[in-house]
Amino acid sequence: MIMKKRGREEKEKNSLGKKQRSIYRRDEEWGWMRGKLLGVGGYGSVSEAIIPGEARSRPPQFKDFPSLLAVKSAHPGSSYADLIMEKVVYTSLGSSPHILKFYGHDHTFSEEHDGNYGGIIYNLFLENALGGSLSGLIERTKVGLLESQARVHTRSILKGLELIHHKGFVHCDIKPSNILMVHCDDDNPHGVDGLVAKIADFGLSKRSNDDFEKRVRGTSLYLSPESVCEETQDQASDIWALGCVVLEMLTGSTPWDVNLGQEELFSKISTETPSLPSYLTSTAQDFLLECFTRDPNQRPSAQMLLNHSNKEAYKDEEWGWMRGKLLGVGGYGSVSEAIIPGEARSRPPQFKDFPSLLAVKSAHPGSSYADLIMEKVVYTSLGSSPHILKFYGHDHTFSEEHDGNYGGIIYNLFLENALGGSLSGLIERTKVGLLESQARVHTRSILKGLELIHHKGFVHCDIKPSNILMVHCDDNPHGVDGLVAKIADFGLSKRSNDDFEKRVRGTSLYLSPESVCEETQDQASDIWALGCVVLEMLTGSTPWDVNLGQEELFSKISTETPSLPSYLTSTAQDFLLECFTRDPNQRPSAQIGFRRRRPRRRGF
């Protein structure tokens with residue numbers, strides 16, 4: 001009986017498989033296959049579309065298509081009008097980095113129960129937005145985007161609207177779910193965090209000043225006062241909707257309460273303006289107030305808002321970039337976000353190859369420029385490495401005095417923006433330390449970074465968790481959980497065997513015995529500090545008690561070795577004991593330390 005049952009199950013499985021394969025073959029008759037369902041709407045559905053085979057073997061209309069895209073389909077029984085309008089708009093707009101890419105259209109037939117062809121299915125082939133929608137991005141943050149991130153996405157949406165309006169159309173349904181996030185290269189000037197915002201979904205669009213189409217369309221929460229009160233909808237209505245989208249990006253909440261009934265909602269839109277939180281910068285508030293101008297004839301156009309954002313940006317934009325959110329402060333000065341606005345071709349030459357969002361480390365007037373100048377020397381010598389924070393360049397600007405005139409010189413270094421924070425923050429969030437497998441991956445990356453630093457003849461002098469930055473990576477073999485550890489902060493670095501610079505520098509908790517006892521500090525001292533960092537990764541605690549006074553701390557470093565918990569694997573303990581070799585001449589180098597450990601071995 002069991003054998004018969006298994007036989008029936010196998011037969012049913014094979015039958016289902018054959019049926020599934022026949023469906024795919026049926027789609028493939030048209031030159032493409034319909035894949036995973038992505039969404040459903042009144043118009044029909046959106047699915048993945050797979051274009052099989054190499055370009056030269058495809059039907060002519062699919063030769064230039066990517067192998068994976070999205071297909072928007074109006075099924076029999078639904079209206080084709082929305083998709084036909086979309087095709088008209090996409091064709092009129094042409095190619096733009098701010099509009100979802102349109103590849104073409106075709107029609108197929110639905111399949112009836114008897115296997116024969118049924119009604120016509122109208123299909124639009126579009127760029128596959130693997131980053132989801134802006135709505136999903138906002139929802140994942142829970143509290144809204146950083147203002148610097150929102151600014152970059154707003155500029156992209158504005159440029160898209162500028163094109164739409166220039167071509168004589170009104171979108172009529174600008175909202176976060178109709179702004180799609182498309183993966184882009186880091187050097188894409190319109191994107192941030194590897195995503196660029198593109199306008200999509202033109203099914204409700206219309207021609208501007210269309211006297212034959214008076215119907216107001218779109219999503220109630222984003223409708224403008226004139227749409228609600230006068231049932232008119234034109235390009236200025238898109239600008240009001242844009243204001244709602246930007247406010248939602250900045251706060252994480254819709255401009256109006258989603259629980260309001262339509263009558264109460266329309267009453268608010270008719271008489272009120274969405275409230276702006278006091279924590280928004282004056283630049284953001286000014287931009288939103290312009291979008292929320294109640295008279296549509298006085299509301300600025302997309303082009304005017306683009307010009308406004310250029311003029312009203314931070315003073316630093318006179319130098320080709322904008323200073324954004326403050327990220328940190330130190331003895332050298334400060335670190336802030338830096339936004340490089342505009343397309344690459346319109347930027348000053350030194351910023352053409354910069355990503356649109358990075359970090360700027362600045363030495364302000366009154367502080368010493370020496371640390372930043374040393375950093376520049378080291379970064380330039382090291383070149384590009386996946387284990388060292390990326391260095392883009394440097395410039396100088398001027399501080400602004402109270403009277404509006406320029407003051408002292410500000411020296412700036414442009415660096416990769418480590419959105420994953422520091423290794424110190426990562427350890428702190430775990431409370432008990434990282435898994436040994438995670439610590440191993442980060443240790444290998446730090447070791448490779450140290451190997452390069454030492455090979456180029458430098459000593460870092462301040463290896464510690466807060467100087468190891470976590471950078472987002474895509475399937476980077478040097479990373480784990482989407483983060484790769486990179487060495488940063490070379491302000492205290494020095495040349496190896498520098499007879500002129502005997503001063504010991506760095507953070508006391510990570511100093512080596514020779515630094516404390518003999519006031520010598522060379523490449524072997526970085527290896528001791530690395531051992532302290534690895535121990536902290538594995539235990540969640542610093543190698544020495546942070547409450548010790550300097551005299552007692554230095555006494556311990558001089559005579560003791562940080563204690564290793566018994567629960568660590570023997571491989572991890574062996575690695576740490578090598579790092580904590582008290583004689584710096586016997587301590588292994590980064591190169592030896594790395595080469596001893598093969599990927600096939602467990603532990604470090």
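Student: What phi does Gly-252 take, just after H6?

Tutor: In this predicted model, Gly-252 takes a positive phi of about 85°, and its place in the chain is just after H6.

Student: And H6 itself, how many of its residues are buried?

Tutor: Of the 17 residues in H6, 16 are buried, so that the helix is mostly covered. Helix H6 runs over residues 235-251 and reaches 25 Å from its first C-alpha to its last, which is close to the 24 Å expected at 1.5 Å a residue.

Student: Switching to H14 and H16, how do their axes cross?

Tutor: The axes of H14 (residues 523-539) and H16 (residues 570-579) come within 8 Å and cross at roughly 150°. Because angles over 145 degrees count as roughly antiparallel, the two helices are described as roughly antiparallel to each other, and H14 passes H16 in a left-handed crossing.

Student: Which residues make that contact?

Tutor: From H14 the contact takes Ile-527, Trp-528, Leu-530, Gly-531, Val-534, Leu-535 and Leu-538, while H16 brings Ala-572, Phe-575, Leu-576 and Cys-579. By class, the contact of H14 with H16 has 10 nonpolar residues, one polar and no charged ones.

Student: New topic: where is Phe-102 found, and what does it touch?

Tutor: Phe-102 is found in strand S4, residues 102-111. Leaving aside residues up to four places away in sequence, Phe-102 touches Lys-87, Tyr-90, Thr-91, Leu-124, Phe-125 and Leu-126.

Student: Why is Phe-102 classed as partly exposed?

Tutor: Phe-102 has a relative accessible area of 21%, and buried means under 20%, so Phe-102 counts as partly exposed.

Key
Residues are numbered from 1 along each chain as its sequence is written. This is a predicted model: local features need pLDDT of at least 70, side-chain atom pairs count only at pLDDT 80 or more; totals for chains, interfaces and linings use all residues. Side-chain values use heavy atoms; hydrogens and water are left out. Helices (H or I, at least four residues) and strands (E, at least two) are DSSP runs, numbered from the N terminus. The expected span of a helix is 1.5 Å times one less than its number of residues. Buried means under 20% relative accessible area, exposed over 50%, partly exposed in between (1.4 Å probe, protein chains only). Contact means heavy atoms within 4.5 Å. Axes are lines fitted to C-alpha atoms, for helices over the stretch in contact, and angles run from 0 to 180 degrees between N-to-C directions. Angles under 35 degrees count as roughly parallel, over 145 as roughly antiparallel, 65 to 115 as roughly perpendicular and the rest as oblique. A crossing is left-handed if the near helix is turned anticlockwise from the far one by less than a right angle, and right-handed if clockwise. Ala, Val, Leu, Ile, Met, Phe, Trp, Tyr, Cys and Pro count as nonpolar, Asp, Glu, Lys and Arg as charged, and the others, Gly among them, as polar.
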